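Visitor: I'm new here, so could you walk me through this one and tell me how each label is earned?

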Amino acid sequence: VAGRAGGSVFVLTDYGLADEFAGVVRASVLRHAPGAPIVDLTHGVPPFDVRAGALTLLRAVPHLGPGVVLAVVDPGVGTARRALAVSIAAAQGDGPCHLVGPDNGLLPWAADVLGGMRQVVAIPPSPPRSASLPRVRGATFDGRDVFAPAAARLWQGAGVDELGEDVDPADLVRLEAPRVVVSPGHLETEVLWVDRFGNVQLAAGPDDAVAADLGPDLDVAAAHAEGATRRAQRVDAFAALGPGALGLMVDANGRLALVCDRRSAATVLGMRPGHTVTLRAVDRDRRSS
Amino acid sequence: VAGRAGGSVFVLTDYGLADEFAGVVRASVLRHAPGAPIVDLTHGVPPFDVRAGALTLLRAVPHLGPGVVLAVVDPGVGTARRALAVSIAAAQGDGPCHLVGPDNGLLPWAADVLGGMRQVVAIPPSPPRSASLPRVRGATFDGRDVFAPAAARLWQGAGVDELGEDVDPADLVRLEAPRVVVSPGHLETEVLWVDRFGNVQLAAGPDDAVAADLGPDLDVAAAHAEGATRRAQRVDAFAALGPGALGLMVDANGRLALVCDRRSAATVLGMRPGHTVTLRAVDRDRRSS
Amino acid sequence: VAGRAGGSVFVLTDYGLADEFAGVVRASVLRHAPGAPIVDLTHGVPPFDVRAGALTLLRAVPHLGPGVVLAVVDPGVGTARRALAVSIAAAQGDGPCHLVGPDNGLLPWAADVLGGMRQVVAIPPSPPRSASLPRVRGATFDGRDVFAPAAARLWQGAGVDELGEDVDPADLVRLEAPRVVVSPGHLETEVLWVDRFGNVQLAAGPDDAVAADLGPDLDVAAAHAEGATRRAQRVDAFAALGPGALGLMVDANGRLALVCDRRSAATVLGMRPGHTVTLRAVDRDRRSS
């Protein structure tokens with residue numbers, strides 16, 4: 001039944017917007033599921049960067065309504081890596097119920113935060129487009145030919161069991177968990193994301209800051225530039241910072257972030273995703289001197 | 001009643017498209033107003049540039065159909081700046097009836113061109129997402145949590161009076177008006193916008209050119225590079241210009257623009273938004289010599 | 001009858017996404033055809049690059065569902081170049097039935113691949129917006145004022161004959177066909193496209209490779225850098241290539257492409273659209289030695 005599952009089809013890829021890739025995937029969804037509302041989450045994941053894509057999905061999915069998530073960051077396209085359709089365990093009523101994408105670590109974090117996987121299937125490859133080319137098969141465009149049609153069928157009300165053979169959820173490829181090391185007065189953690197405004201999101205959350213007893217003033221050092229240390233202060237809003245000052249705040253995803261007011265903290269600190277950052281509580285005697 | 005107000009939700013932000021911000025705002029609108037058609041005006045306003053955002057809205061709104069404008073360029077997020085919902089005075093039947101966005105000058109010019117403000121309310125902040133973090137509240141994402149839900153309610157037929165307390169329209173933050181100074185044979189004006197094609201839109205309009213009696217040939221000088229002057233001619237179409245020639249035409253927004261044919265006038269002139277430009281009529285004797 | 005023709009309105013332009021152009025065109029379509037699903041193919045065609053736009057359309061249209069294609073790459077806007085509405089000859093039932101765009105070569109290749117043109121009309125210019133400006137007409141924004149309304153009317157069920165006067169399809173502007181020269185052991189061809197991932201799409205197809213008897217190993221040379229030659233191997237998937245190795249594969253559009261695994265072949269080769277490439281079969285004796 002068309003639209004039985006309903007909601008939207010939420011699309012995330014590393015296709016960019018300069019080529020027609022994203023447009024053709026949207027068209028493929030609509031061709032197979034006329035009337036489906038398509039919501040682009042982003043097509044700006046850096047090319048081939050599965051970890052960045054998985055983190056973007058993880059940030060986005062708690063804020064989506066019902067529907068199907070279609071995610072394609074897929075450097076292994078054309079190999080034996082599996083194409084997956086995932087149904088979510090806890091029918092929470094107001095979030096996505098299904099995820100579709102490659103088995104390379106892109107989906108599990110998002111599925112976890114939505115309530116865990118109930119069922120996972122491997123979608124078979126699309127049939128070769130032409131048997132007339134003896135030695136060279138055409139390259140695959142699985143976003144268009146495999147993932148979009150699968151998302152369309154789920155949006156129309158199909159169950160994942162109609163799309164392929166069961167896979168053990170425990171058997172999926174998973175990415176290494178982001179690094180957070182807490183010790184008294186000291187927090188070592190990974191840069192997960194630098195956003196458009198230059199805010200530097202860390203893997204650590206506010207509970208980690210409490211556990212480390214960091215206090216209101218900190219020294220920030222990047223592992224890749226040991227010598228340089230910058231002072232930062234805990235703040236609740238960007239505007240609480242003076243010009244050029246560095247702040248540590250809880251961002252809108254509930255993670256710690258290094259920020260400046262109307263300026264790129266990432267540029268100030270020279271930080272990129274994957275870097276390791278150390279936050280150290282400033283000694284009270286030193287601080288007051 | 002769902003869809004009573006109807007039309008589309010037109011979205012303008014400085015979020016860019018590389019992150020998931022714009023996607024999450026779209027999803028938030030749909031979560032609160034299933035079925036709402038969402039039209040991205042642009043998410044490419046330069047970060048924090050309220051003036052550029054206000055000018056972009058001003059250019060766009062005369063060409064929109066019915067619906068709600070959701071605009072977020074908001075460097076003051078997390079401060080006491082107000083969140084606004086505006087209803088438009090003159091129900092013209094075929095343009096947007098409501099605007100939603102921060103009280104920082106982003107909305108008033110667009111409201112003026114649509115017919116003026118009938119009623120303005122301040123939308124209260126969204127409730128804090130967690131009371132468990134003693135000293136650090138989470139940063140706000142008002143596009144997702146305040147503005148998108150408000151736009152969704154207006155699209156569904158709510159009045160602005162259902163969203164918050166009345167604010168005096170005369171009390172809103174307004175940006176400084178673009179500079180236009182007319183004298184005989186002389187027009188001094190501000191660069192408002194450089195578009196993708198390098199066309200340099202000026203604050204002055206064709207009436208200003210008539211008032212200044214500029215005539216068909218002009219000298220163009222940028223205030224930031226006093227020495228350099230370029231000759232330009234009044235034209236009706238890009239293709240009327242020879243290779244490398246500079247033209248002054250009335251653009252599709254009804255403003256004067258400095259243009260080249262298939263080439264960036266902004267690059268030729270070294271001009272950016274905010275620059276001041278002087279147009280001088282070429283003396284007839286000098287011109288014919 | 002609204003929605004009689006139905007399907008989607010597929011939009012391709014060179015407007016970019018930083019300005020409001022694309023948003024205003026979307027709004028214009030909806031204003032004239034409320035409820036029309038709008039699918040952005042891309043707005044990232046390089047400015048004024050009609051050939052790139054025509055090639056992008058050509059790649060996209062075989063994968064679209066029913067509807068209307070609205071394409072605007074239009075350096076001749078404001079001149080006497082015609083605005084066209086095209087109906088497709090072979091009603092295949094599941095592809096676009098109409099194309100709208102300027103008469104500059106943008107549309108014919110896409111029309112050919114969809115089944116050929118049945119009827120073509122020239123859409124008259126939109127009426128001047130203001131008669132009050134004696135010497136300067138406003139520049140036209142035909143995407144907003146001519147092409148979008150025409151696409152909306154076709155989506156609503158109008159025939160092309162309702163939009164303008166007949167034009168002989170044989171009379172349309174056509175771009176020069178991409179260059180492919182086949183000889184034994186030798187294939188000379190044009191670079192059509194470099195995608196986001198750096199894959200270099202060639203005009204030649206797998207049949208040309210068979211006709212040239214290229215075999216599994218080749219030397220690749222760019223005409224613009226005669227000295228440099230790189231070895232490439234025929235592969236079926238990106239992952240079949242070792243780090244840094246260059247491959248020749250049939251891409252998802254059925255053309256030959258020079259590729260690397262998770263790396264830009266265009267950067268490795270220094271190639272851009274419009275370049276000429278020579279592929280030479282590697283002599284078997286040399287190869288085995």
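**Where chains A and C meet**

Guide: Let's start with a pair: the side chains of A:Arg31 and C:Asp94 come together in a salt bridge, 2.9 Å from N to O. Keep in mind that this is a predicted model.

Visitor: What makes A:Arg31 and C:Asp94 a salt bridge?

Guide: The N to O distance is 2.9 Å, and the cut-off is a Lys or Arg side-chain nitrogen within 4 Å of an Asp or Glu carboxyl oxygen, so the label fits.

Visitor: How many salt bridges are there between chain C and chain A?

Guide: The count is two. There are also 13 residue pairs in polar contact between chain C and chain A, both at pLDDT 80 or more.

Visitor: Which element gives the most to the side of chain C that touches chain A?

Guide: That's β2(C), with four residues. The residues on that side of chain C split into 19 nonpolar, 10 polar and 11 charged. Overall, 40 residues from chain C and 35 residues from chain A take part in the contact, and about 2900 Å² is buried between the two chains, with carbon and sulfur atoms giving 60%.

Visitor: And the aromatic rings?

Guide: Over all chains, the structure holds 18 aromatic pairs.

Visitor: Why is the pair A:Tyr15 and A:Phe21 called tilted?

Guide: The ring planes sit at 50°, with centres 5.6 Å apart. Stacked needs under 30 degrees and edge-to-face over 60, so what falls between is tilted. A:Tyr15 and A:Phe21 are both buried. Ring pairs also join them with A:Phe48, A:Phe141, C:Trp193 and C:Phe197 in a cluster.

Note on methods
Residues are numbered from 1 along each chain as its sequence is written. Chains are lettered from A and ligands numbered from 1 in the order in which they are written. This is a predicted model: local features need pLDDT of at least 70, side-chain atom pairs count only at pLDDT 80 or more; totals for chains, interfaces and linings use all residues. Side-chain values use heavy atoms; hydrogens and water are left out. Contact means heavy atoms within 4.5 Å. Buried area is the accessible area (1.4 Å probe) that two parts lose on being put together, summed over both. A polar contact is a pair of N or O atoms within 3.5 Å; within protein, one must be able to donate a hydrogen and the other to accept it, and residues adjacent in sequence count only if both atoms are side-chain atoms. Helices (H or I, at least four residues) and strands (E, at least two) are DSSP runs, numbered from the N terminus. Ala, Val, Leu, Ile, Met, Phe, Trp, Tyr, Cys and Pro count as nonpolar, Asp, Glu, Lys and Arg as charged, and the others, Gly among them, as polar. Rings of Phe, Tyr and Trp (its six-membered ring) pair if their centres lie within 6.5 Å; planes under 30 degrees apart count as stacked, over 60 as edge-to-face and the rest as tilted. Buried means under 20% relative accessible area, exposed over 50%, partly exposed in between (1.4 Å probe, protein chains only).
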